[in-house]
Structures are given as C-alpha cells and as structure tokens.
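Let's take a walk through this protein together, one region at a time. Have the viewer open and follow along.

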Amino acid sequence: MRQLIRGKAPGCLKSYRHGTHNWDAVTKTDKDDIWTELGVMQDQRCAYCEGNMATEDRHIEHFRQKGRDPKQTFAWSNLFGSCSRENSCGKHKDRIGTYPPAVLIKPDIEDPERFLVFTPDGGVSPRKGLSAEDENRARETIRIFNLDAALKPIRHREICGYVQTAEYLAALAESFKEEEWMPLLQQEIAATAHLPFATAIKHVLTRQG
C-alpha cells in the first residue's frame, strides 16, 4: 500500500446521480474512462496490495461500500482500482462485516508508509512508535484488506531477490561515507518504483522491516 495522488475526475461521472442511477447503469465506455484515470493514479497496480492488475482480473472498488453509503456510489474520491483476489483487497473488505470506515487508511489522503512496514519475508505490520489510535488503524487496515497472511507468499516471491542487494548496500554503508553509497540506494529505489509491490521492495532495500 502506497500513497496515491488523485487526479481530475472523469467527466463521465457527472452523468450519474445517486437516487436516479445505480452502479450497473455505468456503461462500459464510461468505466473505461474511469479506468484510464485510475491507471494514471495507480500506475496499473492495485490500490491496496500494489500487485499488478490484469485487465481481466480487476474491478472498480468503492472505498466506502456503495451498499452502506449509497451517496458515495459515483463520488470520484471514493473510487479505486482493486485486484480481484477473492481473499484480499477490495473483495475481502466487502465481505469482512461492519467496521467504521474512518478506521481504514485511505491511500489518496494519507501516506500508508507512515503506518505500515513491510518485512523481507513478505509480511506487513504496524510501524513501531505509532500512537495507540494509529496502531489500531494500521492493524485494522491490514485485517480488513487481508494484506498480510494471504499476500505474504506472493509478496515474498517478488521481493526476495532484493534481500541480497540490501545486504550489499548495508556492507557499503559500513565501509564508505554516505555520499558514496547513498546514490546507489537511491538509484535502486528509483529503478523499482514502478514495479508491483514497490513499497515492500523499498522497505527491504532500506532495511525498515
């Protein structure tokens, strides 16, 4: 999970109104326009797990479920692109039961890295030093989107190759001045920034977990 910058709302959303239309009324052409803007915001990665989203394995996700908050059905600020894994992310959230929506970390408003840290084994946990309230939000976000157990082996396969790179950079840090090894670390982070699970890779490279 990473911070996202939300762009301008697709113009097609102005054609739909709560109380007059439901989500099924949104045409394929309009959904394609929504996906275009979501793709710009998310770089074709799931808003929650950061996994790659294939065209046939994704859905437009309502952060505040439209069944519980119908007024948010066509609100651009409420729409994200989610992978369609049954046991995590948007689909898992919608089956988890009742929870206060404000407990979730919303990635276009807050920086999830302030709350979450990824570990070399593919896991994710609340960052140390959080207030009790923020730690609860981190734990609830992990639980409601099922970001740990279900995704741990998938994430581990993607990040394990960077553990050796992290060890190499750590060795450089012990032997050389920061200005000599830091550019190498920054280059590695920049080179992996657009990959699936990029935040987890960054945390491995910077040895945060």
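How far apart are the end C-alpha atoms of H3, and what span should its 14 residues have? Keep in mind as we go that this is a predicted model. H3 covers residues 132–145, and at 1.5 Å a residue it should span 20 Å. Its end C-alpha atoms are 20 Å apart, which agrees with that expectation.

Now look at which side chains of this helix are hidden. The buried residues of H3 are Asp134, Arg137, Ala138, Glu140, Thr141, Ile142, Ile144 and Phe145. When you scan that list, a general point is handy: an α-helix has 3.6 residues a turn, so residues three or four places apart point the same way. The cover over the buried residues of H3 includes helix H2 (89–93), strand E3 (116–118) and strand E4 (124–126). Just after the helix comes Asn146, with a positive phi near 50°.

Let's turn to the aromatic rings. Searching the whole structure gives five aromatic pairs. One of them joins Tyr16 and Phe74: the ring centres are 5.5 Å apart and the planes meet at 20°, so this pair is stacked, the limit for stacking being under 30 degrees. Tyr16 belongs to the segment before helix H1 (28–42), while Phe74 sits in the loop between strand E1 (58–62) and strand E2 (79–83), so the pair ties together parts that are 58 residues apart in sequence. Both partners are hidden: Tyr16 is buried with a relative accessible area of 8%, and Phe74 counts as buried at 10%.

A second stacked pair brings us back to H3. The rings of Tyr48 and Phe145 have centres 4.1 Å apart, with planes at 20°, so they too are stacked. Because Tyr48 lies in the loop between H1 and E1 and Phe145 in H3, this pair ties together parts that are 97 residues apart in sequence. Tyr48 is buried, at a relative accessible area of 0%, and Phe145 is buried, also with a value of 0%. Ring pairs also link Tyr48 and Phe145 with Phe63 and Phe80 in a cluster.

Phe80 has a charged neighbour as well. Arg6 lies over the face of Phe80, at 4.7 Å from the ring centre. The charged end of Arg6 also sits over the ring of Trp76, 4.9 Å from its centre.

The loop between H1 and E1 holds another residue to visit, Glu50. Is Glu50 buried or exposed? At 1% relative accessibility, Glu50 counts as buried. Its side chain makes a polar contact of 2.7 Å with that of Thr199. Leaving aside residues up to four places away in sequence, Glu50 touches Met1, Arg2, Arg45, Pro196, Phe197, Ala198 and Thr199.

Finally, what about the cysteines? A disulfide is a covalent bond between the sulfur atoms of two cysteines. A search of the whole structure finds zero disulfides. For Cys46, the closest cysteine sulfur is in Cys89, 3.8 Å away, which is too far for a bond, since a disulfide needs the sulfur atoms within 2.5 Å. Cys89 is in no disulfide either, and its nearest cysteine sulfur, that of Cys83, is 3.7 Å away. Cys46 counts as buried at 1% relative accessibility, and Cys89 is buried with a relative accessible area of 0%.

Definitions and conventions. Residues numbered from 1 in each chain as written. Predicted model: local features only at pLDDT ≥ 70, side-chain atom pairs only at ≥ 80, totals over all residues. Heavy atoms only, no water. Phe/Tyr/Trp six-rings, centres within 6.5 Å; stacked < 30°, edge-to-face > 60°. Helix = DSSP H or I, 4+ residues; strand = E, 2+ residues; numbered from the N terminus. Buried < 20%, exposed > 50% of the residue type's maximum accessible area, 1.4 Å probe, protein only. Lys NZ or Arg CZ within 6 Å of the ring centre and 35° of its normal. Polar contact = N/O pair within 3.5 Å; in protein donor to acceptor, adjacent residues only side chain to side chain. Contact = heavy atoms within 4.5 Å. Expected span 1.5 Å × (residues − 1).
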